[in-house]
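Student: Please give me a close look at a single part of this model, with the criteria behind each term.

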Amino acid sequence: MATFKDFRNNVKPNWCPGCGDFSVQAAIQRAAANADLTPENMAVVSGIGCSGRISGYIKSYGFHGIHGRSLPIAQGVKMANRELTVIASGGDGDGFAIGMGHTIHAIRRNIDVTYIVMDNQIYGLTKGQTSPRSDMGFKTKSTPGGSIESALNVMEMALSAGGTFIAQSFSTDLKELTSLIEQGIAHKGFSLINVFSPCVTFNKVNTYDWFKENLTKLSDIEDYDPSDRGAAMNVLMKHNGLVTGLIYRNTSQPPYEELVEGFRDEGLAHQSLTLGKEQFDKLTAEFM
Amino acid sequence: MITHLSWKVGGQQGEGIESTGEIFSSALNRLGYYLYGYRHFSSRIKGGHTNNKIRVSTNPLNAISDDLDILVAFDQETIDVNAPELISGGVILADSKCKPSKPEHSDAHLFSIPFTEIANSLGTSLMKNMVAIGASSALLGLKPENFEGVVKQIFGRKGDAVVQKNMDAVREGAAYFEKEAAGTGISFKLAPVEPEKRMFMIGNDAIALGALAGGARFMPAYPITPASEIMEYLIKKLPDYGGTVIQTEDEIAACTMAIGANYAGVRSLTASAGPGLSLMMESIGLSGITETPLVIVDTQRGGPSTGLPTKQEQSDLMAMIYGSHGEIPKIVMAPSTVEEAFYDTIEAFNLAEEYQCPVIVLSDLALSLGKQTVEPLDYDRIEIRRGKFDPGRELPELEKNEYFKRYADPGDGISERVIPGMKNAIHHVTGVEHNEQGKPSESPENRRYQMNKRMKKLKTVHETFPEPVYADTRHEKADLLIIGFNSTRGTIQEAIPRLEKDGLKVNHAHVRLMHPFPAEEVRKLMAQADKVAVVENNATGQLARLIRMETGAGNLETVLKYDGNPFLPGELHHACKELF
């Protein structure tokens with residue numbers, strides 16, 4: 001049985017000291033070990049940005065693609081070999097700005113990929129510009145007078161897009177985060193886990209202290225039922241999205257792979273490439 | 001009796017014009033005639049003039065014709081638009097419902113036939129096209145029974161009664177025409193041919209079938225004219241082979257999803273036209289730097305932007321070769337017949353895996369949508385080669401903290417490829433410059449090493465590529481060499497005998513491998529001719545520029561057409577003649 005150490009490599013992350021992403025990396029490694037995965041049967045696909053580097057910091061197959069496109073790449077990997085555990089990851093700019101089209105459609109398509117967003121409400125790698133997750137009035141290099149666009153409530157959006165596993169966490173809560181990632185991996189279908197992962201260098205508003213003050217744990221809400229979509233929407237609206245825990249899970253919706261006609265349990269990558277003569281003759285005869 | 005003729009059916013879009021042509025030509029194909037069909041259509045669903053022009057011959061052909069023998073018209077607009085194409089003594093078969101009249105000065109024979117009325121008397125006006133097919137068949141000296149097989153195939157699912165009604169419509173159309181034409185001596189009786197089972201397909205069918213035969217099992221794609229038929233065919237067939245098609249949210253998703261699937265070991269393609277290819281450019285670069293195999297079909301249409309979505313053009317050439325920022329190894333191939341589209345698509349998957357790079361199969365609207373008779377495809381020519389990739393290979397254990405050297409250069413620049421799931425093969429893949437293990441590295445030494453490794457990979461493509469240039473060098477020393485690519489091949493082949501009749505010695509070269517460019521072959525062919533004319537459906541002479549750049553040749557003439565329509569053999573004949 002693998003331990004989280006099996007998912008470590010010797011690459012030193014180039015994240016700033018104190019960056020929330022360190023804990024996200026640790027949580028993924030622990031969840032992978034807890035889920036009894038092996039490094040060679042796991043693929044981490046990531047986007048571009050500080051957080052996008054994560055696929056290079058975890059010992060498993062890793063694909064660091066292009067900005068905003070981690071999800072289509074990850075879905076392609078999963079369709080090609082459903083025997084693999086596929087994790088997609090990236091930042092809030094990657095997933096909710098340039099890649100938003102893919103995020104919404106990955107949510108409704110429901111291919112079995114676990115998507116972990118490291119949400120710091122700012123663009124870090126480009127040194128401090130606004131993000132779709134930045135609050136109104138948030139001052140950055142690209143919004144010197146304060147942002148005049150409203151922040152996107154991604155959890156509400158995921159819920160209305162038909163998400164089957166929607167969760168949110170805070171990078172300091174390693175225990176909850178690890179558990180949510182584990183549950184996301186176990187979930188049959190697309191799972192979205194948004195993680196508040198503070199940027200200690202460029203975001204001086206949404207700091208660790210700020211989150212501690214403003215976040216509500218769903219486990220502290222009496223009788224909260226994550227299978228109740230209406231309750232999920234209500235709690236998100238009531239707390240302006242600032243909740244952590246499993247927000248919503250729908251186990252009755254089968255994943256995309258199970259709905260594809262003729263799709264086999266064996267990974268497509270292991271199946272035959274050849275066409276028999278008889279099949280070929282049948283196919284060509286259809287054009288005669 | 002005649003050996004070839006051209007027939008056109010026209011009316012309002014949404015009126016069944018396409019299916020009329022389809023039924024007519026499928027039946028003739030089954031009789032053993034060679035067919036070539038080209039649709040004139042607009043980017044809308046209902047309304048607007050549309051037509052389907054079909055050439056019938058006792059011999060193989062792959063070009064549209066200059067003129068028209070028979071016009072079937074469901075409205076007056078069809079007559080007004082298309083009558084000028086008719087030969088002297090041509091025939092118009094028009095629905096009497098539109099009170100048809102001939103344009104002034106036309107010496108065509110007009111037959112007003114109650115297509116709609118006869119169809120109505122049989123139960124539904126929908127069958128007016130079958131009445132028109134009946135009238136056409138009588139004019140060609142065919143029997144209504146010749147259409148029975150196709151009618152059964154199309155309407156069989158709806159039951160015998162529907163089949164019989166449609167056959168009644170064919171018979172009544174034929175009888176009405178025979179009665180009207182009796183004693184006039186008007187006939188386009190086709191010389192009989194031996195019945196022969198040949199395929200009748202569009203280029204996109206051949207590409208899709210080639211993908212299936214070539215081992216492609218996954219296709220993410222976004223609908224677009226004129227590429228959609230490829231995904232539509234594969235979504236029907238792939239489930240039988242364990243695979244599938246995903247209709248993605250856009251072309252960026254289509255391309256990156258295909259990259260993901262190829263990375264994980266499945267032969268995967270996407271297909272689009274100019275607008276989609278423009279969106280894919282960044283991803284093509286990702287395939288290049290990560291050395292992930294990728295096959296993309298570009299069915300060129302009129303550009304730029306939305307351009308002429310349903311019209312012929314060959315203006316993506318430079319974008320396909322040089323598109324995407326930075327420098328990557330890339331293969332661009334351009335089949336020029338439906339048969340080649342089949343074999344070349346298979347080869348594209350082999351090359352993509354052997355060279356671990358993006359391969360673009362360039363087509364154009366006329367090739368992708370032109371429907372024609374195709375000689376039998378050879379099963380024994382299907383070959384799957386995966387290059388330096390063996391998914392079953394057992395690899396030695398890696399040192400602690402070491403990754404598999406996925407990007408090591410063994411000399412030819414092509415590294416061993418491994419996929420997720422394989423033991424002892426873990427490595428990193430990134431669009432950032434990386435070292436042998438795939439880990440990011442910015443050092444100048446590493447940059448040079450990796451750039452050199454990637455850029456030298458394609459050195460051997462010329463040695464293995466099947467026929468980089470199709471060449472008809474009938475003359476050791478020719479007056480003229482005509483060079484083209486993609487769908488102009490048949491048209492050039494038809495123009496050449498006419499030019500030779502005028503006393504010119506003409507050779508023909510069709511470039512099939514656009515990149516890396518077969519400069520040596522083309523240079524040799526050019527040396528065999530006094531003049532070189534490059535024939536292209538674009539305004540800037542992209543192939544001519546490419547030839548100049550790659551061969552250093554200065555003296556090239558260009559024959560260009562960029563009005564949305566394919567070249568006619570006659571146009572090409574005159575344009576080439578004028579060069580002398």
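Tutor: In this predicted model, helix H1 of chain B passes H5(B) in a right-handed crossing (the near helix is turned clockwise from the far one by less than a right angle; anticlockwise would be left-handed). H1(B) comprises residues 17-31 and H5(B) residues 148-155 (helices are DSSP runs of H or I, at least four residues, strands of E, at least two, numbered from the N terminus). They pack at an angle of about 130°, with axes 8 Å apart (lines fitted to C-alpha atoms over the stretch in contact, angles 0 to 180 degrees between N-to-C directions). H1(B) is therefore oblique to H5(B) (neither under 35, over 145 nor 65 to 115 degrees).

From H1(B), Ile23(B), Ser26(B), Ala27(B) and Arg30(B) meet Gly149(B), Val150(B), Gln153(B), Ile154(B) and Phe155(B) of H5(B) (heavy atoms within 4.5 Å). Five of these contact residues are nonpolar, three polar and one charged (Gly counts as polar).

Elsewhere, chain B also contributes to a mixed, open sheet of nine strands, ordered S7(A)-S8(A)-S5(A)-S6(A)-S4(A)-S3(A)-S1(A)-S2(A)-S15(B). Its edge strands, each pairing on one side only, are S7 (216-217) of chain A and S15 (428-430) of chain B (pairing needs at least two DSSP bridges). S2(A), residues 61-64, and S15(B) pair in the parallel sense over three bridges, and His64(A) stands opposite Thr430(B).

Residues are numbered from 1 along each chain as written, with chains lettered from A and ligands numbered from 1 in written order. Local features need pLDDT of at least 70 and side-chain atom pairs 80 or more, while totals for chains, interfaces and linings use all residues; side-chain values use heavy atoms, without hydrogens and water.
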